[in-house]
Amino acid sequence: MPKRTLVTAALPYANGPIHIGHLAGVYVPADMYVRYKRLKGEEILFICGSDEHGVPITISADKEKVTPKAIVDRYHELNKKSFERLGISFDYYGRTSSEEHRKVSQEFFLHLLENGFIDTKEEPQLYDEEAKMFLPDRYVEGTCPVCSNPDARGDQCDNCGTYLNQTELINPRSKVSGSKPVVRPTKHWYFKLSAFQKDLENFIESYAGKWRDTVVQQARSWLKSGLQDRPITRDLDWGVPVPLEGAAGKVLYVWFDAPIGYVTATKEHLPDNWQYWWAEDKDLEWLCFLGKDNIVFHTIMFPAMQMGYNKDGSFTYRLTTNVPANEFMNLEGRKLSKSRGWTIEPHEILDRYDADIIRYTIACNLPESKDSDFSWKDLQAHTNNELADILGNYANRTLTFVKNNFDGKVPDAASDEQYLNSIGEAAKEIGSLYEKCRLREATAATFDIIRSANKYFNDHEPWKLIKSNRDDAAKVLRTCLEVLRAVSTYIAPILPNTSDRINGMLSIPAGKITWDNAHLALLTGHAPLGEIKVLFPKLENEQIEAELTRMQEMATKAEQQTAPVVSNAKITIDDFKKIKLKTAKVLEAEAVPKSKKLLKLQVAVGDERRQIVAGIAEKYTPESIVGKTIVIVANLESAKLMGIESQGMLLAVNDDKGVVSLITSEKESSDGLEVR
RNA sequence: GGCGGGGUAGCUCAGUUGGUUAGAGCGUCGGAAUCAUAAUCCGUAGGUCGUGGGUUCAAAUCCCUCCCCCGCUACCA
């Protein structure tokens with residue numbers, strides 16, 4: 001069988017639009033790789049699709065009072081469209097809510113069950129008697145047992161950050177009916193991940209030194225900690241139903257069914273031939289493009305699932321042969337965050353910007369070895385200084401020169417083979433960078449070729465030759481045109497639209513030229529060229545400023561929406577009198593172990609001694625606070641923070657970066673005095 | 001808190017089996033040229049390689065401390 005490569009890109013979660021971070025981490029690099037391979041004439045299949053199950057989607061649906069299907073339909077279509085507009089050239093873009101995916105996932109589950117890698121466990125879980133359903137973590141709210149926040153979620157308390165088990169919540173309430181849920185035993189299915197410890201260690205070590213270091217290290221880190229069996233079912237009605245008797249209301253956990261989506265999509269695309277891309281075969285490679293948050297699922301979880309499936313020998317899945325995971329891309333120096341309004345979504349900006357300039361800016365800043373940054377000024381700089389000035393201007397000066405001096409026809413002259421061959425050599429180097437998934441370097445090296453072409457034009461001064469020796473000028477321009485044609489191939493993985501546009505101006509049909517023959521002289525003398533168009537108009541400062549302003553506005557708006565509602569209602573003096581503020585002298589202070597922010601203080605309030613736990617450790621050391629006279633709220637209900645009782649609260653000036661300064665009394669005053 | 005990754009020129013990033021004056025692109029400054037979207041080409045300046053220590057004849061590179069950023073994770077390696 002011929003050597004072939006399956007490329008998958010992590011399935012975007014259909015609970016929102018993809019953003020520029022996804023593009024940089026996964027889809028642009030995957031697409032560049034795939035397009036390169038196609039130009040090499042290699043057999044390749046590029047698979048992706050929407051990941052459409054899981055609790056966050058049902059929560060969004062509840063919030064909007066629509067069905068989960070309505071949510072995933074919306075974002076599936078939106079994202080699919082965005083990918084098309086960006087030229088991400090999937091061979092097939094599936095979705096995990098499809099009927100085929102249900103079948104494939106259930107078959108996978110049953111096969112693992114038969115092979116003995118799935119267990120069941122009974123465990124207590126909260127059940128909503130009114131809604132008649134078990135409640136997944138996030139469907140329960142209640143009082144946090146650690147910090148007493150009344151609105152902690154079943155999986156985590158947003159106030160103190162503690163991860164919780166839903167049964168730990170005090171006064172739990174169902175988000176579905178509002179009623180108080182009861183604890184009931186429920187059965188869940190577990191994948192025996194622990195059984196694959198040894199096999200996975202061998203698997204990962206066999207790729208040590210070949211895969212990116214960060215990927216191997218991350219996987220090792222998981223293995224070192226010892227693998228635990230993981231639950232693969234949840235009580236939910238949105239997802240792939242567990243195909244067993246007595247499993248009503250149980251669906252497969254999204255982490256289990258999502259990677260199977262790669263198989264499903266292949267099957268839907270090639271119903272009769274999908275095994276060609278999935279059956280173990282030394283000539284078949286499988287590359288998983290994904291972001292760093294996804295490494296564990298593709299190096300540990302899914303390989304283990306495949307190993308379990310393969311055990312009986314009826315079908316042997318190809319395990320991944322490379323996981324070129326990327327780090328994250330920040331935006332204007334800050335982390336991307338949809339909830340903070342700090343994001344760029346392709347469907348928003350593709351009306352204003354050529355997809356290729358976005359692809360190029362991303363390609364120049366791929367977060368291959370560490371987090372990188374996307375900024376509008378950077379987009380402007382790359383567009384104006386490189387795309388317009390180096391590539392666009394090279395095309396323009398060459399074509400215009402031919403138009404003005406050679407009647408707009410390819411000069412009928414021999415080209416400079418030595419120079420063309422040197423370009424062919426450079427392209428070989430670039431090819432090996434693509435093979436190694438060093439795509440940012442490949443991008444830079446590609447533009448070095450175009451820089452050399454500008455230099456060639458300069459050095460040979462055809463504008464002088466045309467007056468003294470027309471034949472020599474013809475040779476130079478013929479060469480420059482051939483180089484432009486070659487360049488249109490070399491840029492195709494990065495700038496597919498631009499490549500087509502250049503081919504159009506050269507009047508050559510796309511498709512006949514390969515990566516390996518692109519440097520050969522392939523034009524025909526006297527062939528007329530097409531209409532010359534400017535490839536990249538420059539981006540003006542005003543336009544970039546407008547984008548920055550727009551982003552600030554979005555962020556401000558998001559902040560206002562999420563900011564806690566501060567009541568503007570006036571309070572009476574009597575209300576204020578309810579709060580007893582007193583001075584207190586700090587006698588002792590120590591850091592609370594295992595906490596970042598907390599200090600445990602012993603304070604004197606008059607004759608009384610109190611213990612107060614305060615979140616000021618990031619700004620104050622225990623030593624620096626001992627002896628200070630501070631202000632506390634003396635009649636606050638006591639609370640437990642990290643299991644330590646706190647009898648009161650101290651006052652301090654806060655800003656968004658945390659506590660800035662304690663409120664102390666200006667003059668030395670004794671403790672226990674009232675503050676008014 | 002634990003684990004993993006990162007902290008190198010104004011900006012975005014390369015660079016570790018330790019070894020001559022630490023690299024690239026962009027930006028800066030100067031020059032050449034004028035075919036071209038004033039676009040190109042050549043040259044210049046600019047870094048105590050996060051901090052503090054250690055190993056070594058020699059450290060951006062190896063070891064240790066600490067600080068900062070990112071991801072994963074949560075009675076836990």
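The following legends describe close-up views of a predicted model of protein chain A with RNA strand B.

**View 1. Domains of chain A.** The domain assignment divides chain A into four parts: domain 1 (4-110 + 254-331), domain 2 (117-235), domain 3 (375-539) and domain 4 (579-675). Domain 1 is written as two stretches of sequence, 4-110 and 254-331. The centres of domain 1 and domain 2, taken over C-alpha atoms, are separated by 23 Å. To the contact between these two domains, domain 1 contributes 31 residues and domain 2 contributes 27 residues.

**View 2. The protein surface around RNA strand B.** There are 42 residues around RNA strand B, and those that come nearest are Ser221, Ser225, Ser369, Asn393 and Arg397. Of the atoms of RNA strand B that come within 4 Å of the protein, 74% belong to sugar and phosphate. Sorted by class, the surface near the strand comprises 16 charged, 16 polar and 10 nonpolar residues.

**View 3. Asparagine side chains beside RNA strand B.** Three asparagines each place a polar side-chain atom beside a sugar or linking oxygen of RNA strand B: the distance is 2.6 Å for Asn365, 2.8 Å for Asn458 and 3.1 Å for Asn385. The elements that give two or more residues to the surface near the strand are helix 6 (213-224), strand 16 (372-374), helix 11 (376-405), helix 13 (439-460) and helix 14 (462-468). Helix 11 gives the most to this surface, with 10 residues.

**View 4. Packing of helix 10 against helix 13.** Two packed helices are described by the angle between their axes and the distance between the axes. Helix 10 (residues 355-364) packs with helix 13 at an angle of about 115 degrees, and their axes are 8 Å apart. Because of this angle, helix 10 counts as roughly perpendicular to helix 13. In helix 10, Tyr360, Ala363 and Cys364 take part in the contact, where they meet Arg440, Thr443 and Phe447 of helix 13. The residues of this contact divide into four nonpolar, one polar and one charged.

**View 5. Packing of helix 13 against helix 15.** Helix 13 also packs with helix 15 (residues 470-490), here at an angle of about 170 degrees and with the axes 11 Å apart. Angles over 145 degrees count as roughly antiparallel, so helix 13 is roughly antiparallel to helix 15. From helix 13, the contact involves Thr446, Ile449, Ile450, Ala453, Tyr456, Phe457 and His460. These residues meet Val476, Leu477, Thr479, Cys480, Val483, Val487 and Tyr490 of helix 15. By class, the contact contains 11 nonpolar and three polar residues, with no charged residues.

Note on methods
Residues are numbered from 1 along each chain as its sequence is written. Chains are lettered from A and ligands numbered from 1 in the order in which they are written. This is a predicted model: local features need pLDDT of at least 70, side-chain atom pairs count only at pLDDT 80 or more; totals for chains, interfaces and linings use all residues. Side-chain values use heavy atoms; hydrogens and water are left out. A residue is near a molecule or strand if one of its heavy atoms lies within 4 Å of it. A polar contact is a pair of N or O atoms within 3.5 Å; within protein, one must be able to donate a hydrogen and the other to accept it, and residues adjacent in sequence count only if both atoms are side-chain atoms. Helices (H or I, at least four residues) and strands (E, at least two) are DSSP runs, numbered from the N terminus. Ala, Val, Leu, Ile, Met, Phe, Trp, Tyr, Cys and Pro count as nonpolar, Asp, Glu, Lys and Arg as charged, and the others, Gly among them, as polar. Axes are lines fitted to C-alpha atoms, for helices over the stretch in contact, and angles run from 0 to 180 degrees between N-to-C directions. Angles under 35 degrees count as roughly parallel, over 145 as roughly antiparallel, 65 to 115 as roughly perpendicular and the rest as oblique. Contact means heavy atoms within 4.5 Å. Domain bounds come from an automatic or database domain assignment.
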